[in-house]
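Colleague: I would be grateful for a close look at one part of this model, beginning with a loop and working from there into the helices. Please set the description out as one connected account.

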Amino acid sequence: MRVKRLPTSALVALTVATMGAFAANSLLTREALVSGTIGAASFTLLRIGSGAVVLWLICAVSARRLRVAGGGWLPAAALFAYAALFSFAYNSLSAATGALLLFGAVQASMIVYALWSGERINRPQSAAALAAAGGLLWLMLPGVSAPPLGGAVLMLLAGVAWGVYSIVGRGASNPTMDTAGNFVRATPMAIVVFLVFGRHELMGAPGVAYALASGALASGLGYALWYAVLPWLRTSTAAMVQLSVPVVAAFGGLIWLGEAITVRLLVASLAVLGGIAVFVLYKERAQ
């Protein structure tokens, strides 16, 4: 049976909503931790746990069965590592800086994996990759406006973990089902971190609300939406629209959190996002 094509207006609306959800994870996490009403370990547990519940419900309704069969322990561990490092990094990073470091590290991880797998890149792609790497290095150079080194390293590691998660999950026959299974498996890992680091953390109502919104809405529904629209997007389009996430996070941080957008952040953003855009476009031409 032939699947009816998704209307362009609906595709655009769903894609915009999904990118907004991805950027919201940075804004919600940063706001929750800055408010002092929740700690990073508690936030991680509530985010992963609520995301697991929402994705499990989506899969249970769509598949008409209560058991979620999908995912694996390796991608679940990578998902957990990403979420935990992401939360602890935002103790000291702004929403915009964190989103840029995360996105740059994810793309760098996937480029390194492609090269290790034998994929060749041309000169424009090499120059673009160097520009993106240079942008990240420029952002982290010592100076008044440099992000805290500890938080930056944690966010870069979070990006590597998400890159591993993306690589392991390539070719999944049912991405939403697999993601639900991975969230369910990652929940016990988050419980362990909570027992070690979060037993004495404050869990006020605002922080809990932010964590549940990040897990249930920005992560659970956000990922479900993304996998729904992904089959309708070209590979290059899917990669390019994700370039908007750090930009949306930056303006969201400016408007909602009152964070400043520095010259250093602007230069780094142009280098990183521009480099990635050129790399993706040349890769698409070569295919």
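Modeller: Arg234 lies in the loop that joins α8 to α9. In this predicted model, Arg234 has a relative accessible area of 53%, and because the cut-off for an exposed residue is over 50%, Arg234 counts as exposed. Between the C-alpha atoms of Arg234 and Leu115 there is a separation of 22 Å, with the two positions 119 residues apart along the chain. The helix that follows this loop, α9 (residues 235–241), has the lowest confidence in the protein chain, with a mean pLDDT of 74, whereas α3 has the highest, at 96. Over the protein chain the average pLDDT is 87, and 92% of the residues reach at least 70.

A second loop, the one between α1 and α2, contains Ile38. Its relative accessibility is 5%, and since buried means under 20%, Ile38 is classed as buried. Apart from residues up to four places away in sequence, Ile38 touches Ala32, Leu33, Phe43 and Leu46, together with Leu202, Gly207, Val208 and Ala211. The C-alpha atom of Ile38 is 11 Å from that of Ser87, a residue 49 places away along the chain.

Ser87 belongs to the buried set of α3, which also includes Pro75, Ala76, Ala78, Leu79, Phe80, Tyr82, Ala83, Ala84, Phe86 and Ala89. The cover over these buried residues includes α1 (8–35), α2 (40–63), α4, α6 (149–168), α7 (175–198) and α8 (205–229). The length of α3 (residues 73–89) can be checked as well: its 17 residues, at 1.5 Å a residue, should span 24 Å, and the C-alpha atoms at its ends are 24 Å apart, so the two values agree.

Among the helices that cover α3 is α7, and Phe194 is placed in α7. Phe194 is buried because its relative accessible area, 18%, falls under the 20% limit. Beyond its neighbours within four places in sequence, Phe194 is in contact with Ala41, Ser42 and Leu45, and also with Arg199 and Met203. Leu46, one of the residues touched by Ile38, is 148 residues from Phe194 in sequence, yet their C-alpha atoms are 9.9 Å apart.

Another of the covering helices is α4. The axes of α4 (residues 95–116) and α5 (residues 123–140) come within 10 Å and cross at roughly 145 degrees, and the crossing is left-handed. On the α4 side the contact is made by Thr97, Leu100, Leu101, Gly104 and Ala105, and on the α5 side by Leu136, Leu139 and Met140. Classed by residue type, this contact has six nonpolar and two polar residues, with no charged ones.

Methods
Residues are numbered from 1 along each chain as its sequence is written. This is a predicted model: local features need pLDDT of at least 70, side-chain atom pairs count only at pLDDT 80 or more; totals for chains, interfaces and linings use all residues. Side-chain values use heavy atoms; hydrogens and water are left out. Axes are lines fitted to C-alpha atoms, for helices over the stretch in contact, and angles run from 0 to 180 degrees between N-to-C directions. Helices (H or I, at least four residues) and strands (E, at least two) are DSSP runs, numbered from the N terminus. A crossing is left-handed if the near helix is turned anticlockwise from the far one by less than a right angle, and right-handed if clockwise. Contact means heavy atoms within 4.5 Å. Ala, Val, Leu, Ile, Met, Phe, Trp, Tyr, Cys and Pro count as nonpolar, Asp, Glu, Lys and Arg as charged, and the others, Gly among them, as polar. The expected span of a helix is 1.5 Å times one less than its number of residues. Buried means under 20% relative accessible area, exposed over 50%, partly exposed in between (1.4 Å probe, protein chains only). pLDDT is the predictor's confidence in each residue, from 0 to 100.
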